[in-house]
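Colleague: Please choose one part of this model and go through it slowly, explaining each term as you reach it, since I am still learning to read structures.

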Amino acid sequence: MVKLRLKRCGRKAVYRIVAIDVRSRREGKDLQKVGFYDPIKNQTHLNVPAILAFLEKGAQPTETVQDILKKAEVFKELRPTKFN
C-alpha cells in the first residue's frame with residue numbers, strides 16, 4: 001500500500017511530501033516527490049496533479065499530510081470520497 005507522508009530533509013524542520021510504500025521507513029526510498037512543506041515559514045508547494053493521481057489509485061495520506069492538503073483545498077478537486 002502507498003501512503004502520502006512527510007520526509008524530513010535538511011537540518012531544520014523542512015519536509016518533502018512523498019508517495020512511499022508503507023513498509024519503508026521515514027527516510028527510505030520514495031516512489032515520487034509530490035510536494036514541499038516548511039512549517040517554520042508556513043510555505044507549501046504541491047504537485048496537485050500527481051497528488052490527485054496517487055489518491056485516485058488508493059494512496060492514503062497521513063493525518064498531517066491530510067491536514068496540509070485540506071488547507072490547500074486539494075480534496076475539492078478530487079471526486080467525492082471519504083476525504084471530503
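Modeller: The account below begins with one helix and the sheet it packs on, and then turns to a group of charged residues.

This is a predicted model, in which local features need a pLDDT of at least 70 and side-chain atom pairs count only at pLDDT 80 or more, while totals for chains, interfaces and linings use all residues. Residues are numbered from 1 along each chain as its sequence is written, and side-chain values use heavy atoms, with hydrogens and water left out.

The part to start with is helix 1, which covers residues 48–56. Helices (runs of H or I in DSSP, at least four residues) and strands (runs of E, at least two) are numbered from the N terminus. Within helix 1, the residues V48, A50, I51, L52, F54 and L55 are buried, where buried means under 20% relative accessible area, exposed means over 50%, and partly exposed lies in between, with a 1.4 Å probe and protein chains only. As background, an α-helix has 3.6 residues a turn, so residues three or four places apart point the same way. After helix 1 comes G58, whose phi is positive, near 110°.

What covers those buried residues? The cover includes strand 1 (2–9), strand 2 (14–21), strand 3 (32–38), strand 4 (43–46) and strand 5 (60–61), together with helix 2 (63–71). To picture this, it helps to look at how the strands are arranged. They form an open sheet of 5 strands in the order 4-3-2-1-5, with mixed pairing; two strands count as paired if DSSP finds at least two bridges between them. Strand 4 and strand 5 stand at the edges, each with a single partner strand, so one side of each has no neighbour in the sheet. In general, the strands of a sheet pair through backbone hydrogen bonds, either parallel or antiparallel. Here strand 3 and strand 4 pair in the antiparallel sense over 4 bridges, and in strand 4 the residue Q43 is the bridge partner of D38.

Helix 1 packs on this sheet and touches strand 1, strand 2, strand 3, strand 4 and strand 5, with a direction that makes about 120° with that of strand 3. Helix 2 packs on the sheet as well, touching strand 1, strand 2, strand 3, strand 4 and strand 5, and its direction makes about 90° with that of strand 1. Contact in these statements means heavy atoms within 4.5 Å, and the angles, which run from 0 to 180 degrees, are taken between N-to-C directions of lines fitted to C-alpha atoms, for helices over the stretch in contact.

The largest nonpolar core has 20 residues, and those with the most contacts inside it are L4, L6, I17, V34, I51 and L69. Strand 1, strand 2, strand 3, helix 1 and helix 2 each supply at least two residues of this core, and its largest share, 6 residues, comes from helix 1. A nonpolar core is a set of buried Ala, Val, Leu, Ile, Met, Phe, Trp, Tyr and Cys residues joined through side-chain atoms within 4.5 Å. Leaving aside residues up to four places away in sequence, I17 touches residues that include L6, V34, F36, L46, V65 and I68.

Charged residues give another view of the fold. The structure holds 3 salt bridges, a salt bridge being a side-chain nitrogen of Lys or Arg within 4 Å of a carboxyl oxygen of Asp or Glu. In one of them the side chains of D30 and K7 meet at 2.8 Å, N to O. This pair links distant parts of the chain, with D30 in the loop between strand 2 and strand 3 and K7 in strand 1, 23 residues apart. D30 is buried, at a relative accessible area of 14%, and K7 is buried too, with a relative accessible area of 14%. D30 also meets K33 in a salt bridge of 4.0 Å, N to O, although K33 is partly exposed at 46% relative accessibility. K7, D30 and K33 are therefore linked in a network of salt bridges. Elsewhere, R23 and D21 meet in a salt bridge of 2.9 Å, N to O; R23 is exposed, with a relative accessible area of 75%, whereas D21 counts as buried at 19%.
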